[in-house]
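These notebook entries record what I looked up on how helices pack together and on one residue within a helix.

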Amino acid sequence: MVRRQRTIVESPHFVVRAVECADDHARWSAPEVSSSAQIVLVRQGRFRLDSRGRRVTVDPTTGYMQRPEEESRFAHPAGGDVCTSVTFIGDALTTGLEAARSPAVRVDARLELAHRLLSRTGADPDFAAAEALLDLLLLALREQPAQIPAPGRADLADRAREAVLADDPAAAGLVTLARLLETSPSHLSRTFRHHVGMPLSRYRNRVRVSHALTRIDQGETDLAILAVSLGFSDQAHFTRVMREELGSTPSRVRMLLAAATASSPASDEPAQPEG
C-alpha cells in the first residue's frame with residue numbers, strides 16, 4: 001500500500017494530516033502498530049479495520065481510533081481512500097481515547113463537514129477550524145456507547161451498512177434489504193438499531209448527506225439534480241434532511257466549502273510505502 005500525506009495543522013498538542021491511500025485488496029494487511037494516539041476520519045472511500053478483537057467497516061459515517069502501541073490490520077476491498085488523521089501528542093487530549101472500548105467512532109454530519117472544511121486549508125494553518133474539529137471529536141468520544149453491543153448478529157448490521165454504502169438498489173427499503181440479506185424486516189430493524197445506534201432509515205439519510213458533501217466538495221452546483229441523483233424526492237426534501245443532519249442547508253454548505261478553498265495548498269509529503 002502507498003500512503004501519501006500532507007500536514008494541515010501542527011501544534012504542540014496535535015497534528016492534523018490529509019492522508020490518501022492507494023490500495024485495492026480484500027485480504028488483511030500485516031499488523032501495523034501505532035506509535036501515537038490517533039483518530040482517522042474518512043472523506044472518500046471505505047475500508048475494513050481489525051483492532052481490539054473487533055472488525056469495523058470504516059467510512060465517512062464511522063471513523064476509528066488507535067491508542068499508542070495498539071496493533072491493527074486493514075483491508076481495502078472497495079479500493080483506496082482519502083482521510084483526515086488527527087494525531088495526539090502527549091496526554092493532554094487523550095482521556096476520551098483511553099476510556100473508549102471500541103475502535104469505532106460515530107461521525108455525525110457536523111463532524112464530517114468540519115474535517116472536510118479543515119482539509120481545504122492551505123499553507124496558512126487554520127487553528128480556529130482545527131480547534132472546532134477537536135471539540136466535535138471529543139464530543140463524539142464522550143457520546144460513545146458505554147458498552148460494546150453483544151457480538152451476536154453484528155455481521156448482519158455490517159452487511160446492511162455495506163449495502164447502503166455501496167448504493168445497492170435493495171438498500172432503498174427495509175423489506176427489500178431484508179430479502180437481500182435473507183432475514184425478516186423486523187429482525188433486521190432491531191439488529192441494525194442495536195449495533196449501529198440509529199434506525200436504518202436514519203442511517204440511509206446520513207449516508208446520503210455524506211454523498212452530498214462529497215459531490216458539493218467536488219464542485220457540484222446544481223442542487224436540484226444532486227437531490228434527485230441521491231434518491232431524494234425533490235430539492236425541498238434534500239434541504240430538509242440536510243438541515244436535520246447538519247444544521248445547514250445545501251446552499252450554505254456550498255458557500256462554506258467555497259470560502260474554505262485554499263488558493264495555495266501545502267505541498268504533499270513524500271509517499272510512504274506500507275506493507
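The entries below take up two helix pairs and then one histidine.

**Entry 1. The model.** I note at the outset that I am working with a predicted model.

**Entry 2. H2 and H7.** I looked up how helix H2, residues 109-119, lies against helix H7, residues 200-217. Their axes are 10 Å apart and make an angle of about 20°. An angle under 35 degrees counts as roughly parallel, and H2 and H7 are therefore roughly parallel to each other. I recorded the crossing of H2 past H7 as right-handed. On the H2 side I listed Ala109, Glu112, Leu113 and Arg116; H7 contributes Arg206, Val209, Ser210, Leu213, Thr214 and Asp217. Sorted by class, this contact holds four nonpolar, two polar and four charged residues.

**Entry 3. H7 and H9.** I then turned to helix H9, residues 235-246, whose axis comes within 10 Å of that of H7 and crosses it at roughly 100°. H7 is thus roughly perpendicular to H9. From H7, the contact uses Arg202, Asn205, Arg206, Val209, Ala212, Leu213 and Ile216; from H9, Phe238, Val241, Met242, Glu245 and Leu246. I sorted the contact of H7 with H9 into eight nonpolar, one polar and three charged residues.

**Entry 4. His115.** Returning to H2, I looked up His115, which lies in that helix. Is His115 buried or exposed? Its relative accessible area is 0%, so I entered His115 as buried. Leaving aside residues up to four places away in sequence, His115 touches Leu41, Val42, Arg43, Thr84 and Leu133. Thr84 is 31 residues from His115 in sequence, with 6.8 Å between their C-alpha atoms. The side chains of His115 and Thr84 are joined by a polar contact of 2.9 Å.

Methods: Residues numbered from 1 in each chain as written. Predicted model: local features only at pLDDT ≥ 70, side-chain atom pairs only at ≥ 80, totals over all residues. Heavy atoms only, no water. Axes fitted to C-alpha atoms, helices over the stretch in contact; angles between N-to-C directions. Helix = DSSP H or I, 4+ residues; strand = E, 2+ residues; numbered from the N terminus. Parallel < 35°, antiparallel > 145°, perpendicular 65-115°, else oblique. Left-handed = near helix turned anticlockwise from the far one by under 90°. Contact = heavy atoms within 4.5 Å. Nonpolar A, V, L, I, M, F, W, Y, C, P; charged D, E, K, R; others polar. Buried < 20%, exposed > 50% of the residue type's maximum accessible area, 1.4 Å probe, protein only. Polar contact = N/O pair within 3.5 Å; in protein donor to acceptor, adjacent residues only side chain to side chain.
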